[in-house]
Amino acid sequence: GVTPDRYLANYMGRESAVTGGRDGNMHFGDRELGCVGMVSMLPDMALVACGLALSFQMRHEPRVAMTWFGEGSTANGVWHEAMNVAGVRRLPLVLVLENNQFAYSTPNDHEFAVDPVERAAGYGFPGVKVDGNDVEAVFEAAAEACERARRGGGPTLIEAETMRMHGHAAHD
């Protein structure tokens with residue numbers, strides 16, 4: 001629901017921006033649209049999304065919380081706490097893992113003993129792997145996960161596999 005002109009105005013510090021010109025990056029939200037400002041690509045947003053999903057569940061609202069993060073986040077304890085509470089409470093939550101095969105500078109095979117999406121089963125809910133470069137496949141997986149969550153089926157982890165296009169930061 002955020003229009004491109006309001007989004008771009010954010011980067012230019014314009015008053016017409018989503019944040020009224022007070023933030024020049026993607027860390028913004030729009031309460032009227034139900035979009036909570038992003039904490040970061042790190043696992044912290046998974047806990048925020050769990051809190052939102054829990055509030056939807058407690059109010060019997062047919063809403064679903066969705067968040068995304070990189071695969072490096074899945075090595076952090078906060079991420080595991082979020083996965084656990086999501087599974088135990090059967091929260092209406094969709095977690096999108098953008099897997100570009102590296103956590104900062106560490107390749108996946110040096111960080112995980114199993115594929116990240118396989119871990120969802122350990123928390124009691126399904127994990128789905130899709131081609132992260134196929135927008136239609138990602139949309140279809142997200143739509144199915146959202147519908148499942150709305151029916152009371154609990155969370156889903158979607159692993160969108162892609163490739164690293166550049167280093168993690170400017171110094172790479």
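A salt bridge here is a side-chain nitrogen of Lys or Arg within 4 Å of a carboxyl oxygen of Asp or Glu. The model is predicted, with local features needing pLDDT of at least 70 and side-chain atom pairs counting only at pLDDT 80 or more, while totals for chains, interfaces and linings use all residues. Residues are numbered from 1 along each chain as its sequence is written, and side-chain values use heavy atoms, with hydrogens and water left out.

**View 1. Lys129 and its acidic partners.** Lys129 pairs with Glu161 in a salt bridge, with 3.6 Å between the closest N and O atoms. Lys129 sits in strand β5 and Glu161 in strand β6 (residues 156-161), so this pair ties together parts of the chain that are 32 residues apart in sequence. Helices (H or I, at least four residues) and strands (E, at least two) are DSSP runs, numbered from the N terminus. Lys129 also meets Asp115 in a salt bridge, at 2.5 Å from N to O. That second pair links distant parts of the chain too: Lys129 is in β5 (residues 127-131), and Asp115 is in the loop between β4 (106-107) and α4 (119-122), 14 residues away.

**View 2. How open the network residues are.** Buried means under 20% relative accessible area, exposed means over 50%, and partly exposed is in between (1.4 Å probe, protein chains only). Lys129 is partly exposed, at 38% relative accessibility. Asp115 is partly exposed at 23%, and Glu161 is partly exposed at 29%. Through shared salt-bridge partners, Asp115, Lys129, Glu159 and Glu161 join into one network.

**View 3. The Arg59 and Glu61 pair, with His60 in the picture.** Here Glu61 forms a salt bridge with Arg59, and the closest N and O atoms are 3.5 Å apart. Glu61 is partly exposed, with a relative accessible area of 24%. Across the structure, the salt-bridge count comes to 5. His60 belongs to the loop between α2 and β1 (65-70). Though not a glycine, His60 has a positive phi of about 55°. His60 counts as exposed, with 72% relative accessibility.

**View 4. Arg90 and Ala53.** Arg90 is another non-glycine residue with a positive phi, about 55°. Look for Arg90 in the loop between α3 (77-89) and β2 (93-99), where Arg90 is partly exposed at 36% relative accessible area. Ala53, for its part, lies in helix α2 and is buried, with a relative accessible area of 0%. Ala53 and Arg90 are 37 residues apart in sequence, and their C-alpha atoms are 9.5 Å apart in space.

**View 5. His80 and Leu47.** His80 is part of helix α3. At 25% relative accessibility, His80 is partly exposed. Between the C-alpha atoms of His80 and Leu47 there is a separation of 9.6 Å, with the two positions 33 residues apart along the chain.

**View 6. Cys50 and Cys146, unpaired.** There are 0 disulfides in the structure, a disulfide being a pair of cysteine sulfur atoms within 2.5 Å. For Cys50, the closest cysteine sulfur is in Cys146, and at 15 Å that is too far for a bond. Cys50 is buried, at 5% relative accessible area. Cys146 is buried as well, at 14%.

**View 7. A negative patch on the surface.** Asp131, Asp134, Glu136, Glu140 and Glu144 gather in a surface patch of negative charge. Patches are built from residues with over 30% relative accessible area and no salt bridge, joining like charges within 9 Å and nonpolar side chains (Val, Leu, Ile, Met, Phe, Trp, Tyr) within 5 Å. Lys and Arg count as positive and Asp and Glu as negative, with His and the chain ends not counted; a charge is placed at NZ of Lys, CZ of Arg, CG of Asp or CD of Glu. Helix α5 (residues 135-150) gives the patch its largest share, 3 residues. Asp131 comes from strand β5 and is partly exposed, with a relative accessible area of 41%.

**View 8. A nonpolar patch on the surface.** Tyr7, Leu8, Tyr11 and Met12 make up this one, with about 400 Å² of accessible area together. Areas like this come from the Shrake-Rupley method with a 1.4 Å probe; for residues, only the protein chains shown count as cover. Met12 is in the loop between α1 (4-11) and α2 (44-58).
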